[in-house]
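This report goes through a single chain, from one of its helices out to the fold as a whole. Keep the structure in view while reading.

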Amino acid sequence: GIDYGTQPFDQVTARRQMGSAFKPVLFAAALEDGISPCTYLDNDSLTVEGYEDWSPENYDQTYGGKYSLAGTLVSSVNAPFFSLFMKTGFESVDSMWKAMGFSFALDNKPSLPLGTAEASVREAAIAFSAFANGGYLVSPYSITTIVSPSGEILYENGSQVHGNRIVSESTSFLMGAILRRAIDEGTGAAARSRFGLTLPLAGKTGTSQNYSDAWFAAFNPGITIVARAGASVPAIHF
């Protein structure tokens, strides 16, 4: 938190709704199931019966036409993502979620593909690292080496850089290529136009319900970054 004396709250392990930062998990599951990035999805307004007539809403309230799978992720359009969720199936998404190391149990509801799942910054960083490193699960650690004043190595972390493979190399490559478009021309374009970032970067933004939390996850082969802006309780929101 801001100050441990007044706010002893761990922002890194706190669990919050991911918003659209969840969508790459669904996208990766779809790619692993053999759905092509060039597959086209309907951008139609629809109502799901049995869930208080719930409807997936696009941010700009425009509907109609089709989006490619890649274009859906780049522009973070909700209606086609719901179609992708129905095509992929909950079981595949749930399996990918667990393989990526998330601890929160997913709820099989229509709102899931729009980002109602909860995760911590730490878990999101682990998951997005698989897109950066070729598809492998990582185990984060804080201390790499402890050296004495005389230069003697007292401790050196022997952790493997990569653990088990959780997505194929081709899925990892495609996720990097498509999410780079999200930074260059999609929802993360402010990183370039407003903040002047020039390094190669792929990533995804996310906003939870009622604007309680804002997420930004980004990566390249050398680094993975996850940031969440939000208060210690979701009732305080933007």
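## Helix H3 and its surroundings

In this predicted model, the buried residues of H3 are Asn-78, Ala-79, Pro-80, Phe-81, Phe-82, Leu-84, Phe-85 and Thr-88. H3 runs over residues 78–88 and is mostly covered, with 8 of its 11 residues buried.

What do these buried residues pack against? Their partners are H1, strand S2 (40–42), strand S3 (66–68), helix H2 (69–75) and helix H4 (90–99). Gly-89 follows H3 and has a positive phi, near 95°.

## H1 against H6

H1 spans residues 23–32, and H6 spans residues 169–184. The two helices pack at an angle of about 135°, and their axes are 10 Å apart. Angles between 115 and 145 degrees fall outside the perpendicular and antiparallel ranges, so H1 and H6 are oblique to each other. Their crossing is right-handed.

H1 brings Pro-24, Phe-27, Ala-28, Leu-31 and Glu-32 to the contact. H6 meets them with Thr-171, Leu-174, Met-175, Ile-178 and Leu-179. By class, the residues of this contact are 8 nonpolar, 1 polar and 1 charged. The charged one is Glu-32 in H1. The polar one is Thr-171 in H6.

The spacing along the helices has a general background. An α-helix has 3.6 residues a turn, so residues three or four places apart point the same way.

## H5 against H6

H6 also packs with H5, which covers residues 121–132. The axes of H5 and H6 come within 7 Å and cross at roughly 100°. An angle of 65 to 115 degrees counts as roughly perpendicular, so H5 is roughly perpendicular to H6.

Which residues make the contact? From H5 come Phe-128, Ala-130, Phe-131 and Ala-132. From H6 come Ser-172, Met-175 and Leu-179. The contact has 6 nonpolar residues, 1 polar residue and no charged residues. Ser-172 is the polar one.

Two H6 residues serve both contacts. Met-175 and Leu-179 meet H1, and Met-175 and Leu-179 also meet H5.

## Positive phi outside glycine

Gln-61 is not a glycine, yet its phi is positive, near 60°. This residue sits in the loop between S2 and S3. Is Gln-61 buried, exposed or partly exposed, and what is its relative accessible area? Gln-61 is partly exposed, at 47%. That value lies between the cut-offs of 20% and 50%.

Tyr-211 is another non-glycine residue with a positive phi, about 55°. Its place is the loop between strand S7 (202–207) and strand S8 (213–220). Tyr-211 has 46% relative accessibility, so it counts as partly exposed.

## The chain as a whole

The chain contains 7 helices and 9 strands. Its radius of gyration is 19 Å, close to the 18 Å that the globule rule gives for 238 residues, so the chain is as compact as a globular protein of that length. The C-alpha trace spans about 70 × 45 × 35 Å along its principal axes.

How much of the chain is buried? Buried residues account for 44% of the 238 residues. Contacts also link distant parts of the sequence. Among contacts with a separation of 6 or more, 64% join residues 24 or more positions apart.

Definitions and conventions: Residues numbered from 1 in each chain as written. Predicted model: local features only at pLDDT ≥ 70, side-chain atom pairs only at ≥ 80, totals over all residues. Heavy atoms only, no water. Axes fitted to C-alpha atoms, helices over the stretch in contact; angles between N-to-C directions. Helix = DSSP H or I, 4+ residues; strand = E, 2+ residues; numbered from the N terminus. Parallel < 35°, antiparallel > 145°, perpendicular 65-115°, else oblique. Left-handed = near helix turned anticlockwise from the far one by under 90°. Contact = heavy atoms within 4.5 Å. Rg over C-alpha atoms; globule rule 2.2 N^0.38 Å. Buried < 20%, exposed > 50% of the residue type's maximum accessible area, 1.4 Å probe, protein only.
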